[in-house]
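Please read this report alongside the sequence and the 3D view. It moves from the ligand surroundings to the helices, the sheets and a few residues with notable backbone angles.

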Amino acid sequence: MKIVVLGAGLAGVTAAHALLRDGHSVQVLERAAGAAAETSFANAGLVSPGHAFSWASPAAPMAMLRSLFNPDQALRVRLSLDPAFWRWSLAFLANCRGARWAENSRRLVRLACYSQAQLARVVEHTGVEYAATRRGLLYLYADVKSLATARQQSDLLMAEGVEVRALDVAEVLAVEPRLAAWAGRIAGGLYCPGDESGDAWRFTTALAEWCAYRGVDFRYGVTVEALDADETRVRAVKTDQGSIEADAVVVALGSHAPRLVRALGYRLPIYPVRGNSVSFPIREGDAPPTLAGVDDGTLTAWSRLGDRLRLTSTAEFSGYANVLPRRDVETLVLRARTMFPGGADFDHPSPWSCLRPMTPAGTPIIGRTRHSNLYFNVGHGAMGWTTATGTAQMLADCVAGRTPAHSMDGLGVAETFG
Ligand SMILES: Cc1cc2nc3c(=O)[nH]c(=O)nc-3n(C[C@H](O)[C@H](O)[C@H](O)COP(=O)(O)OP(=O)(O)OC[C@H]3O[C@@H](n4cnc5c(N)ncnc54)[C@H](O)[C@@H]3O)c2cc1C
């Protein structure tokens with residue numbers, strides 16, 4: 001079957017790989033000059049079943065409300081007249097009830113565990129190299145209360161088989177001595193030895209190259225404009241360089257998927273949530289952290305990715321503008337210096353900003369649509385590096401008519417938004 005995949009981010013490239021393995025003829029259309037040029041470019045790099053919680057939690061509404069009066073906090077909401085923002089926000093609030101949060105988080109952690117196993121399989125199959133560190137991840141908490149809440153919430157992870165160890169400050173430092181300068185700012189942490197980290201851009205570009213060498217046709221610099229479809233099937237993909245016919249089409253356009261499929265009657269519940277990162281070169285003699293993690297108090301993730309140290313932060317609801325304020329960069333540079341003094345060359349930061357394609361529940365939307373040959377692999381939100389390889393396999397299973405090895409419960413197109 002000739003399958004056209006739209007988008008060459010984590011979701012599109014992993015889908016192309018899974019479809020190639022099934023023997024399909026695969027073409028990937030991407031408007032950028034290469035793979036992983038947007039949200040998959042400089043994320044935090046965490047493959048983190050140990051942090052696979054839905055953002056729609058009972059605490060989220062108050063945090064969002066506070067952000068209206070404190071524009072400097074890491075979580076920020078900018079009120080907008082965009083009806084899509086209000087529709088999304090209402091759906092998000094409906095998911096914040098305790099029971100829904102637990103159900104969504106359970107789905108997310110199960111998917112994350114399945115995906116981590118698929119990531120290992122993809123790496124074994126292809127041999128792609130991406131500066132992986134497989135020594136676990138640390139999650140740090142600023143005070144006793146937030147640490148206690150995190151310990152309580154980790155029951156949900158452990159029930160799904162994730163190993164979680166509670167650590168006091170001395171034990172955190174035993175796992176990562178290079179957090180010594182930050183020790184005064186934390187009350188303790190959780191350590192998930194099975195979690196890992198790696199450079200999502202290196203992984204995606206290496207996997208794209210591997211696939212291209214084996215016949216996947218990557219067309220870069222091609223912008224998808226519309227889908228040519230009747231009531232039941234997509235006939236072709238209309239691009240700025242002409243029409244491309246396909247037996248099946250996979251939409252993996254990240255935050256930009258809703259605009260494309262709206263014309264066919266699909267109102268995808270995806271809204272962009274901006275985040276940013278700053279990467280620093282690591283020089284000979286620097287003392288960077290040896291494993292990655294998240295500092296919950298400042299909502300900052302850090303990771304060492306080969307010869308670079310990266311810090312990420314910010315969840316800003318400000319539409320599609322993707323503007324990176326200078327202040328955000330300065331805040332991250334200062335935090336990097338404070339957390340890991342001597343850890344990298346902090347005078348040469350590489351800032352980046354991008355849009356997380358968030359669904360209200362925090363879980364992605366995968367599989368077949370009302371059009372019999374149109375598939376979605378979208379809505380990967382804050383966890384797309386963790387979940388991409390699993391959703392790609394599930395997508396390929398759907399295309400092949402197989403029952404996916406991992407449950408589609410709450411992830412399929414029809415049940416997540418009709
Ligand atoms: C600051 C930050 C930190 C993060 N940290 C982590 C983390 O530690 N762990 C984790 O699991 N996840 C993390 N994520 C989330 C993860 O990066 C995303 O979920 C993932 O990159 C989404 O991949 P995607 O393929 O869906 O989207 P994208 O990577 O955005 O891919 C979509 C592609 O479609 C292309 N495209 C769009 N429109 C068109 C068009 N009309 N025609 C042609 N091409 C088009 C784009 O150019 C793009 O390449 C983070 C995200 C951010 C922003």
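The sections below describe a predicted model.

## Surroundings of the ligand

The shell around the ligand is made up of 39 residues, and the closest of them are G7, G9, G254, G275 and G384. Several elements give two or more residues to this shell, namely the helices α1 (10-21) and α10 (384-400) together with the strands β2 (25-30), β14 (271-281) and β18 (350-358).

Sorted by class, the shell around the ligand holds 17 nonpolar residues and 18 polar ones, and a further four residues are charged.

## Helix α4 and a residue of helix α10

Helix α4 covers residues 98-126, and its length can be checked against expectation: at 1.5 Å a residue, its 29 residues should span 42 Å, and because the C-alpha atoms at its ends are 41 Å apart, the two values agree. The residue that follows α4 is G127, which has a positive phi near 75°.

A388 has its place in helix α10. Is A388 buried or exposed? With 31 other C-beta atoms within 10 Å, A388 is buried, since 20 or more such neighbours are needed for that class. If residues up to four places away in sequence are left out, A388 touches L10, A11, T14, S115 and H380. One of these contacts, with S115, joins positions that lie 273 residues apart along the chain, and the C-alpha atoms of the two residues are separated by 6.9 Å.

## The sheet of six strands

Six strands form an open sheet with mixed pairing, and their order is β9-β2-β1-β13-β20-β19. The edges are taken by β9 (217-220) and β19 (365-368), each of which has a single partner strand, so one side of each is left without a neighbour in the sheet. On average, and with direction ignored, neighbouring strands of this sheet are turned by 15° against each other.

At one end of that order, β2 and β9 pair in the parallel sense over four bridges. Within the facing strands, E30 stands opposite Y220, which belongs to β9.

## The sheet of three strands

A further open sheet consists of three strands in the order β10-β11-β12, and here the pairing is antiparallel. Its edge strands are β10 (224-229) and β12 (242-245), and because each has a single partner strand, one side of each is left without a neighbour in the sheet. Neighbouring strands of this sheet are turned by 25° against each other on average, again with direction ignored.

Strand β11, residues 234-239, pairs with β12 in the antiparallel sense over four bridges. As for individual residues, K238 has S243 of β12 as its bridge partner.

## Positive phi outside glycine

Which residue in the loop between β15 and β16 deserves a look here? L299 lies in that loop, which runs between β15 (293-295) and β16 (300-305), and its phi is near 50°, a positive value in a residue other than glycine. L299 counts as partly exposed because it has 16 C-beta neighbours inside 10 Å, which is between the limits of 12 or fewer for exposed and 20 or more for buried residues.

T314 is likewise not a glycine, yet its phi is positive at about 80°. T314 lies in strand β17, which covers residues 308-317, and it is buried, with 21 other C-beta atoms within 10 Å.

Key. Residues are numbered from 1 along each chain as its sequence is written. This is a predicted model: local features need pLDDT of at least 70, side-chain atom pairs count only at pLDDT 80 or more; totals for chains, interfaces and linings use all residues. A residue is near a molecule or strand if its C-beta atom, placed from the backbone, lies within 6 Å of it. Ala, Val, Leu, Ile, Met, Phe, Trp, Tyr, Cys and Pro count as nonpolar, Asp, Glu, Lys and Arg as charged, and the others, Gly among them, as polar. The expected span of a helix is 1.5 Å times one less than its number of residues. Two strands pair if DSSP finds at least two bridges between them. Axes are lines fitted to C-alpha atoms, for helices over the stretch in contact, and angles run from 0 to 180 degrees between N-to-C directions. Two residues are in contact if their C-beta atoms, placed from the backbone, lie within 7 Å.
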